[in-house]
Amino acid sequence: MAEQVAVLAGGCFWCTEAVFLDVIGVKKVESGYTGGTVHHPTYKQVCGGDTGHAEAIRVTFDPDQLSYDDLLDIFFATHDPTQLNRQGNDVGTQYRSAIFPQDEEQERSAGEAIARNNPDHSNAIVTTIEPKGDWYPAEDYHQDYWAGEGQRNPYCMAVIPPKLQKLRKSFQNRVKGMNAAV
């Protein structure tokens with residue numbers, strides 16, 4: 001089966017990118033912006049909160065190794081989908097929890113994933129399913145951030161390791177580098 005693409009927003013893209021780069025079947029993760037009204041927004045514009053964009057990731061994956069349903073279950077387990085327009089101290093619509101289905105099948109699966117995961121989150125999931133929008137890659141310095149600058153960024157050091165620990169504990173059979181340092 002050909003590679004597929006999933007577009008997800010779960011707070012800071014540095015944090016969601018770091019999680020999905022570690023998942024078996026994921027071929028590429030690109031940080032970027034979607035769901036807004038400004039063409040080719042900059043990080044500064046998106047952080048201002050008035051472009052309508054979400055910080056998101058575009059995950060290219062092999063459906064023979066990782067189903068879209070499993071990918072969504074990992075998404076729900078590694079961010080807090082009950083926080084409206086925020087993740088922790090990151091506040092604003094640009095940090096919303098959202099799924100941007102690429103076709104009708106993904107849209108159906110997204111609704112099912114919310115229903116399937118809602119009981120694990122006290123039936124309080126606020127994740128939205130939004131129309132596929134234009135995709136704008138984030139600036140180069142945001143790509144694979146955790147592997148470089150993120151290791152020296154106090155925010156990333158506080159947020160990313162717990163997400164990776166949750167991934168490795170809850171989805172051991174899905175993690176590429178189980179022996180990699182957290």
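A crossing of two helices is called right-handed if the near helix is turned clockwise from the far one by less than a right angle, and left-handed if anticlockwise. In this predicted model, helix H1 passes helix H5 in a right-handed crossing. Two packed helices are described by the angle between their axes and the distance between the axes. For H1 and H5, the axes come within 9 Å and cross at roughly 35 degrees. On the H1 side, the contact is made by Trp14, Cys15, Ala18 and Val19; H5 contributes Tyr155, Cys156, Val159, Ile160, Lys163, Leu164 and Leu167. Sorted by class, these residues comprise 10 nonpolar and 1 charged, with no polar residue in the contact.

We can turn next to the nonpolar interior. The largest nonpolar core holds 40 residues, and the members that touch the most others are Leu8, Phe20, Val59, Leu71, Ile74 and Ile99. Two or more residues come from each of the strands E1 (4-10), E2 (26-34) and E3 (54-61), and likewise from each of the helices H1 (13-20), H3 (68-77), H4 (104-117) and H5 (154-170). Helix H3 gives the most to this core, with 7 residues. The surroundings of Ile74 give a closer view: leaving aside neighbours within four places in sequence, Ile74 is in contact with Val19, Phe20, Val23, Leu66, Leu167, Phe171 and Arg174. A second, separate core consists of 7 residues, among them Ala9, Ala98, Phe100 and Trp135.

Two polar side chains also deserve a look. Asp73 is found in helix H3. With a relative accessible area of 18%, Asp73 counts as buried, because the cut-off for burial is under 20%. The side chain of Asp73 is joined to that of Arg116 by a polar contact of 2.9 Å. Beyond the four nearest places in sequence on either side, the residues in contact with Asp73 are Arg116, Asn117 and Phe171.

Asn118 lies in the loop between H4 and strand E7 (128-129). Its relative accessible area is 17%, so Asn118 is buried as well, by the cut-off of under 20%. The Asn118 side chain reaches the backbone nitrogen of Ile125 at 3.0 Å. Not counting residues up to four places away in sequence, Asn118 touches Asn123, Ala124 and Ile125.

Note on methods:
Residues numbered from 1 in each chain as written. Predicted model: local features only at pLDDT ≥ 70, side-chain atom pairs only at ≥ 80, totals over all residues. Heavy atoms only, no water. Core = buried A, V, L, I, M, F, W, Y, C linked by side-chain atoms within 4.5 Å. Buried < 20%, exposed > 50% of the residue type's maximum accessible area, 1.4 Å probe, protein only. Helix = DSSP H or I, 4+ residues; strand = E, 2+ residues; numbered from the N terminus. Contact = heavy atoms within 4.5 Å. Polar contact = N/O pair within 3.5 Å; in protein donor to acceptor, adjacent residues only side chain to side chain. Axes fitted to C-alpha atoms, helices over the stretch in contact; angles between N-to-C directions. Nonpolar A, V, L, I, M, F, W, Y, C, P; charged D, E, K, R; others polar.
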